[in-house]
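Colleague: I would like a close look at a single part of this model, the group of aromatic rings. Please take me through it slowly, as you would for someone in a first year of study.

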Amino acid sequence: MVHQYNCASLTSINPLVHITHSSRGSCIAVLYSLVHQLIEMCCDLEIDVNSQETFLVDKNFLACFSGRLRKLFRKLTDKNGSLKLIFHDFPGGPEGFELLAKFCYNGGKINITPSNIILLHSASTFMEMDTDIHGAPSLMSQTKEYFKKIHQFALPELLECLKQFQDLQQTMYSLDMLEELLDCLVERLSLYSLIIPYSSLTDSSCIQFSGDFSCQSIGNFSSQASTWWFEDLEFLKVDLFEKVVETMIAKKLDNYVVCAFLLHYQKVKITGALRAEKCRITETVINLLHLLDRSLISVRGLFDNLRFSLAFKVKRCSKKKLESLVGSLLDQAKLDDLFFPSPPCKCYAYDVDLILRLQEQFLIESREQFLVYRLKKVASLMDFYLVEVAPDPRLEPSKFVTLATALPEYARDSHDMIYEAVDIYLKVHKKLSEEEKIKICCVLNFDKLSARSLIHLVHNMEFPACAAVTASVSQHSKLREIPRKTGHLEVHEDLRSHHSSAKGTSEDEDQVVRMTKLEYQTIDNRFKTCTPTETFDREKQTRSTYMKKLSSIFPTNLDSILDRKLLH
C-alpha cells in the first residue's frame, strides 16, 4: 500500500536484500551482504532522494529532528517493518540529504560554512527542522544565525552562495536569504566600481560579438580591473542573471557598468546557444536595458540587439521596447548601423520600414526635451541613408517619398543631399510616369538648394520639365535677392565660378539677366523636344499645363518672378 504526502511517499517493503545493483566479484558481494545485514538491524527506513541515490537510516532518529517526517509517520497505519520514503524535489539532492543525516547523527551539530549554508538552510526548511532538541538549537536556527554574518563574507564566498541558489533551481524556501545575498553582492561590486570608475564613453569597439556584430565600449576599459568580476558572474543562468541585474539597477549601480555587464554576458552566453536560448537571453537583455538611463546606454549595443531581435524573432513587446530605445538615441547612430536587410515578405533591399519607425520614435521620445541640433543630426544621417537606398530598383516611389519627408521641414538647412538621392532614384527608375516623377520631385525644397545644385538640375534630363522650370525660377529669384554693396551686384560664389565676372552695376545686372535668359531658353527647348511631332501651339499648351501644375505644387508666383525683361 502506497501513501502519497506532498512530494514524498511511504511504502511498506520487505527486508532489504541489497544496497547496490552491481557486484564486483564474489568477495565484494559477500562483504556487501554482511554490511547490509548489519545496517538492516539498525536501519528501518530507506530514502530515495530525487531518484539519484538511496539512503538507509533509522526513521525514529531522523524523525526526532524533522517535523515533516513526524507528520508522515503519524499517518501510517502499519508502523512495523521497513519503510521506503521517496523524495522527488529534495533541495540539493543527495548532497543536501547527506548533510542533514550528518547533523542528526552528530547530535544536532554540524560545521556551517559559506559553501554549505544555503544548502543546509533550504534542506532544513524542506524537512521542517525548526525544533530545538535536548537544548541544541534547530538546524534552521543555526543557519539563520550564521547567515547574519553575510556582510563579512568575501566576494568569492558570496559568489559561492549564489551558485548554491542556482543549483537549488530557485527553490522557494530561501527567497528572503537570496534577496539579502544579492543586496550584499551588489554593494560589494559597487564598491569596486567606485574605486575604479567608468570615467568616459568612447567610440572604440572593445566587445566583439560573433559574426559581424560589435558594440560600443562603455566607459574606460583601459583598466581591466574595473570589469574583472564580469567573468565571475558568467555562471549565472538567465533567471538568476535577471534578478542580479535588477538588484544592480535598484541599488543604483553605475549604469555604465551595468550596460557593459549586460552586453558582456550576452556575448558570452549567446555564443553556441540554441536558438530558443538566444531568443530568451536577448529578450532579457532588452528588458533590462530598458530600465537603464538612456544617456548611458551603448548605441552600438542597441543596434546589435536590434539585429538579434530580427534574427531570433523575439516577442513583439520586447522588440517595441528596443525600437523605442534605439529611436530615442538615433542622433548617435552611424550610417552603417542603419543597413538592415528587408523582411522576407518584402522585395526591396533594405528594411526602410524599420528606419521609418525609428525616426517616428525619435520624434516621439525627444518631444519633451527637443533640441534642434539633435534633429539636424538625424536629418543629415537620413540624407546619407536616402542616397544609399535610392539605387534599389525595387524601392517603391511612395516609400522613397515617405522616407524623404518623414522629418519636419526645419530639420534641414539644405536639400542638396536629397536632390542627389532623387537624381539617383530617377536614373535607376526610368519607367516612372511623369506624374510619379513630379510627386518624387515634391520632396525637394528648391529654396534650400544651392546654386550649384540648381544649375545641375536645370540641365538634368532625368527630371520632369516642371522641376527644371522651378529650379531656373528659384535660381533667378536668388539672383534678384543678392544684396548690392557699393553700387555693385555681388554674385553668389557658385555662380561666380560658373560665369565670368563683369565690372560695373549695369554690366553685372545685364550679364546675370543674359545668363538666366539663356538657361530659361534651354528649358523652353526641353519642352519643345518632349513632343517633337506636335505643333508649336501644342507645345505652348503643354508648357502652360506644366506651369499650372507647378503653381499648385510649389507655392511660387511665377508671373512676378519671371519679369518681362527676362521673358522677352
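Modeller: Before the rings themselves, one cut-off is needed: rings of Phe, Tyr and Trp, the last by its six-membered ring, are taken as a pair if their centres lie within 6.5 Å. Please also keep in mind that this is a predicted model, in which the chain averages a pLDDT of 75 and 66% of the residues score at least 70. Over residues 1-24 the pLDDT is below 50, although this stretch still has 56 contacts in the model beyond near neighbours in sequence. Where pLDDT is low, the predicted coordinates should not be read in detail.

With that caution, we can turn to the rings. A search of the whole structure finds 21 aromatic pairs, and ring pairs link Phe55, Phe87, Phe90, Phe97 and Phe126 into a cluster. A pair of aromatic rings is described by the distance of the centres and the angle of the planes. For phenylalanine 90 and phenylalanine 126, the centres are 5.2 Å apart and the planes stand at 70°, an arrangement that is edge-to-face. This pair links distant parts of the chain, since phenylalanine 90 sits in the loop between strand E5 (82-87) and helix H4 (93-105), while phenylalanine 126 belongs to helix H5 (residues 117-126), 36 residues apart.

Are these two rings buried or exposed? Buried means under 20% relative accessible area; phenylalanine 90 has 3% relative accessibility and therefore counts as buried, and phenylalanine 126, at 1%, counts as buried too. Phenylalanine 126 also has a charged neighbour, for arginine 68 lies over the face of its ring, at 4.2 Å from the ring centre.

Another member of the cluster, Phe55, has a number that falls within strand E4 (residues 53-57), and this strand runs antiparallel to E3, with five bridges joining the two. Across this pairing, leucine 45 stands opposite valine 57 in E4. In the hairpin of E3 and E4 there are three residues between the strands, and asparagine 50 takes a positive phi near 55°. Strand E3 (residues 45-49) is mostly covered, with five of its five residues buried. In a regular strand the side chains alternate between the two faces of the sheet. In E3, Leu45, Ile47 and Val49 point one way and Glu46 and Asp48 the other way, and all are buried.

Key:
Residues numbered from 1 in each chain as written. Predicted model: local features only at pLDDT ≥ 70, side-chain atom pairs only at ≥ 80, totals over all residues. Heavy atoms only, no water. Buried < 20%, exposed > 50% of the residue type's maximum accessible area, 1.4 Å probe, protein only. Helix = DSSP H or I, 4+ residues; strand = E, 2+ residues; numbered from the N terminus. Pairing = 2+ DSSP bridges. pLDDT = per-residue confidence, 0-100. Contact = heavy atoms within 4.5 Å. Phe/Tyr/Trp six-rings, centres within 6.5 Å; stacked < 30°, edge-to-face > 60°. Lys NZ or Arg CZ within 6 Å of the ring centre and 35° of its normal.
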